[in-house]
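Colleague: I have some questions about how the labels on this model were assigned. Can you take me through them?

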Amino acid sequence: MIVINGSTGLTLPNGNVITSATVSANSGTAALPNYTGTDTDTGMWFPDVNAVAISTAGVERLRIDSSGNVTGLTLQSENVSPYSGRNRIINGAMVIDQRNAGASVTPTDGQYSVDRWKTSLNVASKFSLQQSTTAPAGFINSLLATSLSSYSIGAGEVTGVQQLFEGLNVADLAWGTASAATVTLSFWVRSSLTGTFGGSLRNSAANRSYPFSYTISSANTWEQKSVTIAGDTSGTWLTTNGIGIQLYFSLGAGSTFSSTAGSWQSGNYISTTGAVSVVGTNGATFYITGVQLEKGTVATPFEFRSFGQELALCQRYFEKSYDTTTAVGTATRVGTVDWNFANMGTYGVVNIFYRATKRSSATVTNYDPDVANTVGLRYWNGSAEVQGTGSRDGWYGSQNSSRWALGSTPQSNAVFHWTASAEL
Amino acid sequence: MYKNYKQNPQTNYPPRSIERLSDGACIPFDPANTDYANFKREIAAGTAEVQDADGQPMAAADAKAYVAALP
């Protein structure tokens with residue numbers, strides 16, 4: 001504190017008056033920067049060696065690191081960021097639900113609810129998943145998990161949802177090398193339960209894990225969480241079209257798959273020891289949305305993409321003939337492949353070209369357009385249109401198309417829906 | 001349970017995929033395809049069966065040899 005002329009302060013030539021000034025010997029924090037005006041939670045501080053940061057209202061807004069990288073900057077124009085493409089999560093706002101169109105599912109292991117969010121479990125029917133319209137301000141959807149019983153999770157049991165990142169999309173993180181980049185995970189979460197919850201990042205072989213924890217303080221209230229994770233300098237991390245990183249949000253995990261939060265470990269861990277088990281309370285709810293994983297040490301505002309952009313990103317992994325808001329298996333002729341041919345002879349062939357190039361050659365399935373949730377097609381048998389599979393031979397899939405061939409049973413036309421999956 | 005497709009007699013293209021009978025899915029012989037990797041893993045472990053194109057189950061040893069020859 002500098003006091004000159006009693007309470008008057010230091011009068012400058014231009015008439016301004018410095019009434020007080022504080023210089024700290026430490027590096028400061030976002031809440032208490034070193035250099036401030038009278039507003040002590042707004043100013044400049046030093047978060048690291050050769051780094052400087054600026055905070056307002058006690059929150060870090062801008063940081064320049066030792067390499068000159070700038071993070072955390074938000075332009076005045078709302079929702080516009082200089083860092084387009086920084087969110088490695090696809091469908092982090094849970095807006096795309098190609099398979100179920102908002103319907104609730106009691107998933108099996110590996111089943112998808114909203115796009116890109118894959119169920120992980122080894123104990124059946126303990127929770128349901130559904131795209132929800134309950135969401136924090138600025139979002140319209142979330143992923144809702146609801147516990148279906150009061151289940152005491154066994155030591156070797158797991159329940160949760162995960163997103164698997166294609167290695168090609170996280171190659172620049174250089175994990176598994178000395179140059180491994182730090183990432184920050186942020187998300188909005190809400191639960192009927194409170195306490196410490198768990199999740200993890202893992203490599204494809206699940207022999208490198210970083211368990212993380214976050215605390216939900218108030219029941220049934222949206223809270224935003226962030227976790228900053230130094231990149232793993234060990235282990236094998238794929239940079240191919242295989243699994244690069246696995247992000248896991250646990251709904252309940254046994255001790256075999258739980259460990260201490262906050263460090264990279266050898267082994268397969270998907271949660272933290274003692275974390276809240278959502279499946280342990282009948283009717284418990286867990287909502288999550290606004291999930292973002294980005295390079296750097298600061299959680300920047302959620303990167304909103306247009307619906308079309310998000311859908312296209314999802315279609316690299318899953319695509320369907322049905323309209324966007326029509327669930328797979330719905331009985332409808334809207335969007336079908338209508339394959340008409342005359343005098344087919346022994347075989348008829350049609351190619352279907354995808355809207356998005358797939359991660360790998362796709363697994364394809366066809367559906368009867370008139371009978372709900374029935375694999376097959378409708379075809380003309382010479383006197384009537386009937387349901388069947390035909391004599392499907394030689395279906396060839398690639399990253400860009402499927403080649404569909406029918407045997408001799410259908411005589412002049414066939415109608416069907418299709419899905420193509422190249423999920424990780 | 002999986003089943004081989006018949007070869008298209010018009011094109012004579014050999015099948016490059018296999019049918020998963022539980023849901024009728026057509027799984028391509030692409031090592032990067034997750035379903036294909038699961039198929040190979042299940043056959044190698046003896047936890048799934050493969051039928052030939054006529055629906056006749058292949059002996060476990062034959063199935064393993066068949067899968068081992070795939071890409």
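Modeller: Chain A holds one helix and 29 strands. Keep in mind that this is a predicted model.

Colleague: Why is Ile54(A) called partly exposed?

Modeller: Its relative accessibility is 35%. Buried means under 20% and exposed means over 50%. The value of Ile54(A) lies in between, so the label is partly exposed. Ile54(A) sits in strand β5, residues 52-56 of chain A.

Colleague: What makes Ile54(A) eligible for a nonpolar surface patch?

Modeller: A patch residue needs over 30% relative accessible area. Ile54(A) has 35%, so it passes that cut-off. Tyr35(A), Met44(A) and Phe46(A) form the patch together with Ile54(A), and the patch covers about 320 Å².

Colleague: How do you know that β13 and β16 of chain A pair?

Modeller: Pairing takes at least two bridges. Strand β13 (residues 195-202) and strand β16 (residues 243-253) of chain A share four, so they count as paired, in the antiparallel sense. Ser200(A) stands opposite Tyr248(A) in β16(A).

Colleague: Which sheet holds these strands?

Modeller: An open sheet of six strands in chain A, ordered β8-β11-β16-β13-β14-β18, with antiparallel pairing.

Colleague: What makes β8 and β18 of chain A edge strands?

Modeller: Each pairs on one side only. Strand β8 spans 118-121 and β18 spans 265-266.

Colleague: How much of chain A counts as buried?

Modeller: Of its 424 residues, 51%. Those residues fall under 20% relative accessible area. The accessible surface of chain A comes to about 17600 Å², with 50% of it belonging to carbon and sulfur atoms.

Key:
Residues are numbered from 1 along each chain as its sequence is written. Chains are lettered from A and ligands numbered from 1 in the order in which they are written. This is a predicted model: local features need pLDDT of at least 70, side-chain atom pairs count only at pLDDT 80 or more; totals for chains, interfaces and linings use all residues. Side-chain values use heavy atoms; hydrogens and water are left out. Patches are made of residues with over 30% relative accessible area and no salt bridge: like charges are joined within 9 Å, nonpolar side chains (Val, Leu, Ile, Met, Phe, Trp, Tyr) within 5 Å. Accessible areas come from the Shrake-Rupley method with a 1.4 Å probe; for residues, only the protein chains shown count as cover. A salt bridge is a side-chain nitrogen of Lys or Arg within 4 Å of a carboxyl oxygen of Asp or Glu. Helices (H or I, at least four residues) and strands (E, at least two) are DSSP runs, numbered from the N terminus. Buried means under 20% relative accessible area, exposed over 50%, partly exposed in between (1.4 Å probe, protein chains only).
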